[in-house]
Each structure stands twice: as structure tokens, then as C-alpha cells.
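I opened the model to look up a few things: a pair of helices, a set of strands and one residue. My notes follow.

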Amino acid sequence: MLGNIWNIWIDTGGTFTDCLATSPKGETFRIKVLSTSGLRARIEEIQKPTQLTISQNWQAPDDFPLGFKAALLTDPGKACTVVGFDSATSTLFLDSALPMGTDKHPVIELQSGYEAPILAARLVTGTPSAKDLPPLRMTLATTRGTNALLEQKGAEVILFITQGFEDLLEIGTQQRPRLFDLDICKRNPLHKVSIGITERLNASGQIIIPFDPLRVEKQIKDLPGNNSCAAAVVLAHSYVNPEHESQLKEQLKKKGFRWISCSTDLSRSIKLLPRAETTVVDAYLSPIMNRYLGKVEKDLPKGNLLIMTSSGGLVTRRHFHPKDSLLSGPAGGVVGAASAGKACNLDRLISFDMGGTSTDVARFEGDFNYRFDLKIGNARVFAPCLRIETVAAGGGSICGFRNGFLHVGPESAGAHPGPAMYGAGGPLTLSDVNALLGRLDSTLFGIPIDLEASQNQCEALLISINNSTAQSLTRESLLQGYLDIADEIMADAIRKVSVREGYDPSEYALTAFGGA
């Protein structure tokens, strides 16, 4: 630990951002905020149209949310600005009145404008928005890149590849993932355009066809070199001789491309296809991850930021590549579980991390297990990462009814609208199921909880199921059914990392943790 500064560890998931901190005096603090960077509270009394008494659990000092945008959770389109906050009386002062409805105690949400890690750091250090953060070191794990891949919200990628290989990613390995399927559904590549570059090296890295900058200039003349596009540069045999990739990279920079991913900077491997797939993923995530980390680092004193990678290590922003962030959050959990096990003199562990979107399971036996290829959604990455089994069974996993069967996930309600009990019109989720079965204490969530909304969603779903199946399911049997499905999904993940690999789970300690 560094002396005389705050040390802050943050894990940003799809629903919540968790923060653990130690002060310069050695005190330990913990806080949890929504990953949407919002603070929620329930309005208890309207003293004046612009002066509200609220119930909140922010642990924030006076005037902490100064300048935040405030709106009712049920009417986010009509917002006003916070001009004051009295922490002793939980009084909120606004610059204009909110359009109050008929709800006796509505929920209000304050949007900070910060990224969630910065909001958490400000809360845990007690730093109002008008002041700079104190000296600190932040260690950050995030699933921002993973979510962007799964939701297909990355950048438009232009692939620059050796001429003759333009269709490489569409052809792939020509392996059929399901051999007996009659209807073959090929995965779509992440890149939008592929441009063949006139150049060629032999297997020893010697030049066969020289790189032609004039011809490349004509090829890229009409391309949009702006912040919305990213370039992936992958040339044959460049792992031996990166000269042509470096020349092309410089030309693209002059053209105005801000986001350029070169295969030789990311994966110096002999095979062209794995290099190309990894480079395209990195380019696809570059604008999202770099803008996100840039906003986080900008608000930190002296940019003191370390980022968790998929392999469980820490890197500075300078050495960070987006393709290394896909298992950033889960990897941090495995490393933490291993440390906790060692503190208890246990060297055989199965880590069980249940979050808002997924449950991540890994086996630890004195050392970490690694893999060197990772498939998420339509993307494949070839890079070292911890061997983690992920299943779509988290607190926010949506519970529904499809094709005559109950299902849990893979869709998640996320941070917004979130589970039904968050009061933002969300669907029934595993968190709602556990709350309605009395397995969760709704007073410990840190945000206002509306169990009536959970009950309404459950009743509506129950009526729909009974009408479509001509059955008479009870509320309890429906909720228990969803719970059994989720338990089986999670138990199967444990089997995959233990029994199916020849290990007896009874010889391991189950280390359970996570935001759910």
C-alpha cells in the first residue's frame, strides 16, 4: 500500500459498482452505487416545491450532489438541478419543482455525470462535486467491454489485411460448431469493411511485395477517419517483421484515425486467423473502453489508475489493451477468492461469484488455471485469461415463460430499469424471486425497494402462464420453480470446472461472494 493516500478498489458490473477503500489512517470503508452513476432516494416530505425531505443511504457530506440532475424515477424526462443538500436533515434543494404525481412517497434519482467508479470514490472519500478528489490510487475491474460485445454496441471497424485475405474472418476455420444442424447460422464478423493491402512478406519476414504507400493512400482517401471508426491492421507474417504494419499505422494516423489496433502490438502469434480475430475485437472495443477509462482517469489526481486484466494481473493505462478486459471483473473475483483461501490455509477452492448479470465459477488449486482462447458472443480472442465458467444466472436475470417452459436469463434487467423491485418498471428477476420468498432483506439494498412492484409482476406472469397452459400454478410454486432453475444452472457451472474435468468438488472449499 502507498502511504498517506487513499487506496480504492472498484469492480464495475452491469448493475452495481462495488467499492472498497482504505483511508490514509488505515480505516476501511465499503460502498455500492448503481453502474448508471445515479443516486436514488425516496421523497418523504415536500417542504416546498423546491425543498424535499428524503430518506437516503448515501453517506454523503453536505452539498455532495451539488449540480447533479434530479428527476423522478417514473418520469426521467423532466429533470432539474440540485442546488443544495443538508446531510443532517436529509434535505434536498432544487432549482425548480419536480412534476409530482399521485404517488405518496415517490423515488427520486440524481444523475452525477461522473463515471460510476468516480462517483463511488467521491462518496467513500466524502468529496463533494465542487472539490477535487484527495490523493488516491484506484484499482479498477470492469465488465464494460464484455457488455459492449454481448450487446453489439462497439465501434464500426475497418479491417486492413493483406490482399487476398479479405474474406478470412467470414471463412474462419470452416468448422461447424453443431455438426448435424441442417440450418447453418454463421456468426457475423465484427468488422464492417475489409480492405486488401498490396504487400507480402514470406514466412521469414523477407519482403516479397513491397508496401506501396501511394496505393494505400488511394484506398483510404474516402474512408471516414473520425472518432466513430476504428482500424484493425493485420498483415501476413507481420509477427516476424512488423515493418509493413508500422508503415500502415502511420498512414492511418495521418488520415485521422484515432483508434488503431495492430496485430503485432497485441498478439505476436504465427497464425493469421487468431491474430485477425483478436485485433478486430480490440478495435471494436477501443473507442468505448478508452473513452471510459479516459473519463475515469481525468477525474483522478495524477491519473493514478491500475486496471485488472482477464489474466488476473494489473496494468497501467499506458499498457492496457481493450482485448484484455473481457474477464476483468470476474478475474478480480478469482484473485480475491484465492487470497481469502490462503488466509484461511485453504489451497483448494471453487470460487462462486454471483453478480447482477451472471454467475462466474472457477477452480483454484494452489495456482491459477489459464486458457488462451476466449469466446464471448460472436467474438473470439486469443490471449491469456483465467479459466472461468460464466452462466447467465445473476440477480438481474429475467424470469419469464417461453415456448411452454419457465426460463431464467440469459437476458438481464441491468441497472436500468433493473429488477421490478427497483421501481423503474423492470421485469421479474431472480432478485425479485428471492425477495418475495423472504430470502432477501430489502432494507439492506442501499436504494429504495418496491416489493409491491415485484408482487404485481409476479401476479401478471402467473395469470399469463395459467391462462396459456390451462394449469393452476400457485405463486409459491412459480417462484420456487424459478429458484430451482437458477440453482441448477449455477450447480452445472460448478460441475463444469470440477466433475467434468475429473476433480471431486467435495475436496474443495466453496468460496461464495458477489453483488447478488
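Before starting, I wrote down the cut-offs for helix angles: under 35 degrees is roughly parallel, over 145 roughly antiparallel, 65 to 115 roughly perpendicular, and the rest oblique. I also noted that this is a predicted model.

Entry one, the helix pair. I looked up helix α4 (residues 213–220) and helix α5 (residues 243–255), which pack at an angle of about 40°. Their axes lie 11 Å apart. The two helices are therefore oblique to each other. I recorded the crossing of α4 past α5 as right-handed. Next I asked which residues of α4 and α5 meet. On the α4 side I found Pro213, Val216, Glu217 and Ile220, and on the α5 side Leu248, Gln251, Leu252 and Lys255. Sorted by class, this contact has five nonpolar residues, one polar and two charged.

Entry two, the strands. I traced a closed barrel of six strands in the order β4-β5-β8-β7-β6-β9, with antiparallel pairing. From one strand to the next, the twist averages 50°. I then checked one pair: β4 (residues 38–48) and β5 (residues 51–55) are antiparallel and share five bridges. In one of these, Glu45 has Thr53 in β5 as its bridge partner.

Entry three, one residue. I found Ala232 in strand β15 (residues 229–234). Is Ala232 buried or exposed? Its relative accessibility is 0%, so Ala232 counts as buried. Leaving aside neighbours within four places in sequence, I listed its contacts, among them Val157, Phe160, Ser261 and Ala283. Last, I took the C-alpha separation of Ala232 and Leu451, which is 48 Å for residues 219 apart along the chain.

How values were computed. Residues are numbered from 1 along each chain as its sequence is written. This is a predicted model: local features need pLDDT of at least 70, side-chain atom pairs count only at pLDDT 80 or more; totals for chains, interfaces and linings use all residues. Side-chain values use heavy atoms; hydrogens and water are left out. Axes are lines fitted to C-alpha atoms, for helices over the stretch in contact, and angles run from 0 to 180 degrees between N-to-C directions. Helices (H or I, at least four residues) and strands (E, at least two) are DSSP runs, numbered from the N terminus. A crossing is left-handed if the near helix is turned anticlockwise from the far one by less than a right angle, and right-handed if clockwise. Contact means heavy atoms within 4.5 Å. Ala, Val, Leu, Ile, Met, Phe, Trp, Tyr, Cys and Pro count as nonpolar, Asp, Glu, Lys and Arg as charged, and the others, Gly among them, as polar. Two strands pair if DSSP finds at least two bridges between them. Buried means under 20% relative accessible area, exposed over 50%, partly exposed in between (1.4 Å probe, protein chains only).
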